[in-house]
Amino acid sequence: MTRLLWTLSIAQFLAMQVWFNFSAVMPVVEKEWDLSSTESGIIVAFFHKGYVAAVFFYSFLSDRYNPKYSFMYGALIAGVSGILFSVLAQGFWSALLLRFISGVGIAGIYVPGMKIVAQTSSDRARGTAMGLFVGSLVVGSGFSLLVSGLFINLVGWKGVILITSCSAILAASLIYFSRIPENIHIHNQRLSMALLKRVLTRKNLLVNISYTGHCWELYAMWAWIGPFMVYYFQTHDVSNAISVGNFIGAFVVMIGGIASFIGGRMSDSFGRLKSIKLFIYTSIACSLAIGWLIPVSMWILLPIVFIYGFTIIADSPIYNTMITEISDPEITGIALGIQSVLGFSATIFSPMIFGILLDYFNWGVAFTAIGVMTIITPICISFLKKRLSEEIEADIRGTDIL
């Protein structure tokens, strides 16, 4: 692995702690502000709205200018808005605004970073490199839950938000002093219908719809797994249920760092689509079951929860890798941006719908609904496999994807 890849991954790990730092303190904030699960879900959704609102803009810029600056300024915005949240947020409406701004900042990190990784990695190692980069996102996101579990009793929820937000400022500083090689493809092209047609091919759309289903399930689970584990331990009369639940939630998310690396590497060895099917079917099964298992013993629930955390993210770098392989180099940034816009548009709604279902029904119904909607992913993967099979003789790369 190159020094640049590790630098980008460490910086992303630091910045992504902003992503779920609200979820990490959600049970405490709900009591202090008298929020319903629906309102908490809306706050989570507004972060994703900010992300979607800005990600295509950043992606287009990354094809015209050095992606380093999108990454750096995005981390800075995310960090500053998080710090302001810890100081100024007083309730539902101020939380909406500041989490929206945090989402705008985080949008500048992931896609420009993926473009750099994709274009500085060899064909044979691209899935592995993407896996490591996505893994840093996963571990960084989950780390805020770990910080909460460790420090919330000492520094309160505002201290947890402050600590995780300052790490994003550190990420911006790290990227400022990094060097991006000259072989990154930068093109002074204008956004046009002809350009969009090159990106919105049938293959691209099938990959992106599959990714959308994956994101729908993933970000609902990530947003609510901490609160779910807190609730589970509270119903089982475990002392310090908030700390213990957040510890478990952190490890469930952070295990995805290893899963992303393994998933990317498996896709290099065994094929992109085969690897996706293995992981997506397993995670859907977990979504359908997990919410109904609150009465069972911890020794039954925890293995299932960790399998869930592993499989729900292991296929994530594969979708990103595939879109870079079937798109021309000069439109990689825009192609990744459109993928993120479509995928993360689903994340605006899934955590919010989860919260609504939780208010009106229970954890079982909420998780099951998320799993049912994710079935769109294996359906699209089957159509994509058929499409690629038809082109396999004309395009040798199809053999790598299959």
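Is Trp33 buried or exposed? In this predicted model, Trp33 counts as buried, because its relative accessibility is 14% and the cut-off for burial is under 20%. That residue is a handy way into the rest of the chain, so let's start there and work outwards.

## Trp33 and its neighbours

Trp33 belongs to helix α2. Setting aside anything within four places in sequence, Trp33 touches Phe85, Ala89, Gln90, Gly91, Phe92, Ala95 and Trp157. One of those partners, Gln90, is 57 residues away along the chain, yet its C-alpha atom is 7.8 Å from that of Trp33.

Step along to Asp34 and you are in the loop between α2 and α3. Asp34 has a phi near 60°, a positive value in a residue that isn't glycine. With 67% relative accessibility, Asp34 is over the 50% cut-off and therefore counts as exposed.

## The chain as a whole

If you're after strands, you won't find any: the secondary structure comes to 17 helices and 0 strands. The chain has 402 residues, and 60% of them are buried.

How much of the contact list is long-range? Take the contacts in the chain with a separation of 6 or more: 85% of them are between residues 24 or more positions apart.

## Where α2 meets α9

Helices α2 and α9 pack at an angle of about 35°, and their axes are 8 Å apart. Their crossing is right-handed. On the α2 side the contact uses Ser23, Met26 and Pro27, while α9 brings Ala223, Trp224, Pro227 and Val230. Sorted by class, this contact has 6 nonpolar residues, 1 polar and no charged ones.

## The second largest pocket

The second largest pocket holds about 270 Å³ of space. There are 14 lining residues, and those closest to the pocket centre are Glu30, Pro227, Tyr231, Gln234 and Trp363. The elements giving two or more residues to this lining are α2, spanning 21–33, and α9, spanning 202–235. Pro227 does double duty here, as it is listed both in the contact of α9 with α2 and among the residues closest to the pocket centre.

Which helix gives the most to this lining? That is α9, with 5 residues. By class, the pocket lining splits into 9 nonpolar, 3 polar and 2 charged residues.

## Enclosed space

How many cavities of 30 Å³ or more does the structure hold? The count is 4, and the largest of these cavities has about 50 Å³ of space. Its lining is made of Trp19, Phe20, Phe22, Ser23, Val44, Phe47, His48 and Arg99. Ser23 is a name you have met already, since it is also part of the contact that α2 makes with α9.

Helices α2 and α3 (37–62) each supply at least two residues of the cavity lining. The largest share, 3 residues, comes from α3. As for chemistry, the cavity lining has 5 nonpolar, 2 polar and 1 charged residue.

## A second positive phi

Beyond α9 there is another residue to look at if you're checking backbone torsions. Asp237 lies in the loop between α9 and α10 (241–270). Its phi is near 55°, again a positive value in a residue other than glycine. Is Asp237 buried or exposed? Its relative accessible area is 70%, which is over 50%, so Asp237 is exposed.

## Two more spots to click on

Ser316 sits in helix α13, which covers residues 316–325. A relative accessible area of 4% means that Ser316 is buried, given the cut-off of under 20%. Leaving out neighbours within four places in sequence, Ser316 is in contact with Tyr110, Val134, Tyr211 and His214.

Lys158 is in helix α7, residues 126–176. At 34% relative accessible area, Lys158 falls between the 20% and 50% cut-offs and is therefore partly exposed. Which C-alpha separation goes with the pair Lys158 and Gly82? The two C-alpha atoms are separated by 9.9 Å, with the residues 76 apart along the chain.

How values were computed:
Residues are numbered from 1 along each chain as its sequence is written. This is a predicted model: local features need pLDDT of at least 70, side-chain atom pairs count only at pLDDT 80 or more; totals for chains, interfaces and linings use all residues. Side-chain values use heavy atoms; hydrogens and water are left out. On a 1 Å grid over the protein atoms alone, a cavity is a set of points where a 1.4 Å probe fits but cannot get out, and a pocket is an open set with protein on both sides within 12 Å along at least five of seven lines; lining residues have an atom within 4 Å of a point. Grid points are joined across faces, edges and corners, and a volume is the space filled by probe spheres set on the points. Helices (H or I, at least four residues) and strands (E, at least two) are DSSP runs, numbered from the N terminus. Ala, Val, Leu, Ile, Met, Phe, Trp, Tyr, Cys and Pro count as nonpolar, Asp, Glu, Lys and Arg as charged, and the others, Gly among them, as polar. Axes are lines fitted to C-alpha atoms, for helices over the stretch in contact, and angles run from 0 to 180 degrees between N-to-C directions. A crossing is left-handed if the near helix is turned anticlockwise from the far one by less than a right angle, and right-handed if clockwise. Contact means heavy atoms within 4.5 Å. Buried means under 20% relative accessible area, exposed over 50%, partly exposed in between (1.4 Å probe, protein chains only).
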